[in-house]
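Me: I would like to go through this structure and see what the labels rest on. Please set each value against its cut-off.

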Amino acid sequence: MHTPVLLSPIVDYLNIKEGGLYMDATFGGGGYARAILNHCPDITLIVLDRDPEAIERAHAMAIDYPQLEIHHGTFQDIESILNGRLLDGIVFDLGVSSFQIDDPTRGFSLRFDGPLDMRMSKDGISAADVVNTFEENDIADILFHYGDERKSRRIARRIVADRPFETTMDLVKSIQKAVPTTFSAQPPATKSFQALRIFVNNELIEIDAMLKAIKNYLKTMGRLVVVSFHSLEDRLVKTYLTQEGREYFRILTSKPIAPNDDELKQNPRARSAKLRCAERNDA
Ligand SMILES: C[S@@+](CC[C@H](N)C(=O)[O-])C[C@H]1O[C@@H](n2cnc3c(N)ncnc32)[C@H](O)[C@@H]1O
């Protein structure tokens with residue numbers, strides 16, 4: 001199960017109007033899509049996800065919600081999906097879903113043993129390809145830039161000495177050897193796993209390209225709502241809205257919206273979520 005994060009604020013900020021055209025660009029388990037359509041059934045909702053398993057869930061949901069228009073692809077496909085249509089609102093819930101993290105066969109989690117995969121789209125290079133074939137320096141750079149891992153050089157040296165790896169647990173054990181457990185609250189492999197996932201899925205490149213194009217997808221007064229889960233994602237969104245996007249958008253969240261205590265009690269995974277919303281102007 002995936003518990004949707006900041007559900008009520010995303011519905012409010014989308015400002016859903018009857019007859020409108022909306023997009024959920026990260027369908028996942030359909031939590032947002034269902035809440036949007038229950039709030040206002042008389043709309044068209046385009047849904048997108050790069051994960052073929054999420055698209056299967058979307059087709060199952062479409063039996064009860066014929067307003068869904070379903071597309072398999074990444075943010076870079078939005079332009080061709082819209083094909084000139086303009087949206088009243090679009091929401092992005094960035095990162096991975098619980099369906100992905102909690103499935104050992106997808107290889108996202110350092111808590112479960114499984115193939116070292118981490119590909120949301122199930123194609124392209126996997127985490128195993130990175131750790132088994134990349135140069136030590138390149139592995140260290142990935143861990144440092146996408147995981148903020150201060151011990152990146154030491155971990156990369158250990159990885160290269162211990163490879164090849166097949167499973168998540170093989171990699172966890174190698175990283176534990178490089179940086180034995182300290183007093184840190186997190187298991188030693190946490191940052192490396194985050195870094196590999198972001199790299200394998202081109203996550204920041206996807207977000208950056210999406211932000212550069214987003215002004216072209218929205219009607220005047222159309223809403224952009226983005227929920228991010230780590231500072232690298234949130235920084236890209238904030239920087240776009242306050243710099244390049246300033247001419248085209250009015251920011252509606254002067255400070256990002258965070259989950260309240262009730263939500264955090266029910267869903268501790270929501271703890272680092274941040275919502276930003278902006279409205280397209282007529283520039
Ligand atoms: C956090 S989950 C979304 C959960 C959803 N809001 C819900 O309520 O169930 C993020 C989803 O976005 C998808 N995703 C991430 N990056 C993507 C991208 N660049 N293009 C398309 N889908 C993406 C992932 O495959 C995942 O299913």
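Me: Why is Phe 75 called buried?

Reply: In this predicted model, Phe 75 has a relative accessible area of 12%. Buried means under 20%, so Phe 75 qualifies.

Me: What makes Phe 75 and Phe 92 an aromatic pair, and why is the pair called edge-to-face?

Reply: Their rings are 5.0 Å apart, centre to centre, and the limit for a pair is 6.5 Å. The angle between the planes is 85°. Planes over 60 degrees apart count as edge-to-face, so the label follows.

Me: Which parts of the chain does that pair tie together?

Reply: Phe 75 lies in the loop between β3 (68-72) and α4 (78-82), and Phe 92 in strand β4 (residues 87-93). The pair therefore ties together parts that are 17 residues apart in sequence.

Me: Is Phe 92 buried or exposed?

Reply: Buried: its relative accessibility is 0%, and the label applies under 20%.

Me: Why is the pair of Tyr 146 and Phe 199 called tilted?

Reply: The angle between their planes is 35°. Stacked needs under 30 degrees and edge-to-face over 60, and the rest count as tilted. The angle of 35° fits neither of those two classes, so the pair is tilted. The centres are 6.3 Å apart, within the 6.5 Å limit.

Me: Where do Tyr 146 and Phe 199 lie?

Reply: Tyr 146 is in helix α7 (residues 136-147) and Phe 199 in helix α10 (residues 190-200). The two are 53 residues apart, and the pair links distant parts of the chain. Ring pairs also join Phe 134 with Tyr 146 and Phe 199 in a cluster. The structure holds 4 aromatic pairs.

Me: Why are Tyr 146 and Phe 199 called partly exposed?

Reply: Tyr 146 has a relative accessible area of 22%, and Phe 199 has 24%. Buried stops under 20% and exposed begins over 50%, with partly exposed in between. Both values fall in that middle range, so both residues are partly exposed.

Me: What is known of Phe 193?

Reply: Phe 193 also lies in helix α10. Its relative accessible area is 4%, and the cut-off is 20%, so Phe 193 is buried.

Me: How do you know that the charged end of Lys 215 sits over the ring of Tyr 248?

Reply: The charged end is 5.0 Å from the ring centre, and the rule allows up to 6 Å, within 35 degrees of the ring normal. Arg 57 lies over the face of Phe 99, at 3.8 Å from the ring centre.

Me: What makes the pairing of Thr 168 with Phe 112 a polar contact?

Reply: A polar side-chain atom of Thr 168 lies 2.8 Å from the backbone oxygen of Phe 112, and the cut-off is 3.5 Å. Thr 168 is in helix α9 (residues 168-178) and is buried, with a relative accessible area of 1%.

Me: Which polar contacts does the ligand make, among them that with Asp 49?

Reply: A polar side-chain atom of Asp 49 is 2.7 Å from a ligand oxygen. Polar backbone atoms lie 2.9 Å from a ligand oxygen at Gly 29 and 3.1 Å at Gly 31. Each distance is within 3.5 Å. Taken alone, the ligand exposes 610 Å², of which the protein buries 98%.

Me: How many residues surround the ligand?

Reply: There are 24, and the closest include Asp 93, Gln 100 and Glu 206. By class, the shell has 8 nonpolar, 11 polar and 5 charged residues.

Notes
Residues are numbered from 1 along each chain as its sequence is written. This is a predicted model: local features need pLDDT of at least 70, side-chain atom pairs count only at pLDDT 80 or more; totals for chains, interfaces and linings use all residues. Side-chain values use heavy atoms; hydrogens and water are left out. A residue is near a molecule or strand if one of its heavy atoms lies within 4 Å of it. A polar contact is a pair of N or O atoms within 3.5 Å; within protein, one must be able to donate a hydrogen and the other to accept it, and residues adjacent in sequence count only if both atoms are side-chain atoms. Accessible areas come from the Shrake-Rupley method with a 1.4 Å probe; for residues, only the protein chains shown count as cover. Ala, Val, Leu, Ile, Met, Phe, Trp, Tyr, Cys and Pro count as nonpolar, Asp, Glu, Lys and Arg as charged, and the others, Gly among them, as polar. Rings of Phe, Tyr and Trp (its six-membered ring) pair if their centres lie within 6.5 Å; planes under 30 degrees apart count as stacked, over 60 as edge-to-face and the rest as tilted. Helices (H or I, at least four residues) and strands (E, at least two) are DSSP runs, numbered from the N terminus. Buried means under 20% relative accessible area, exposed over 50%, partly exposed in between (1.4 Å probe, protein chains only).
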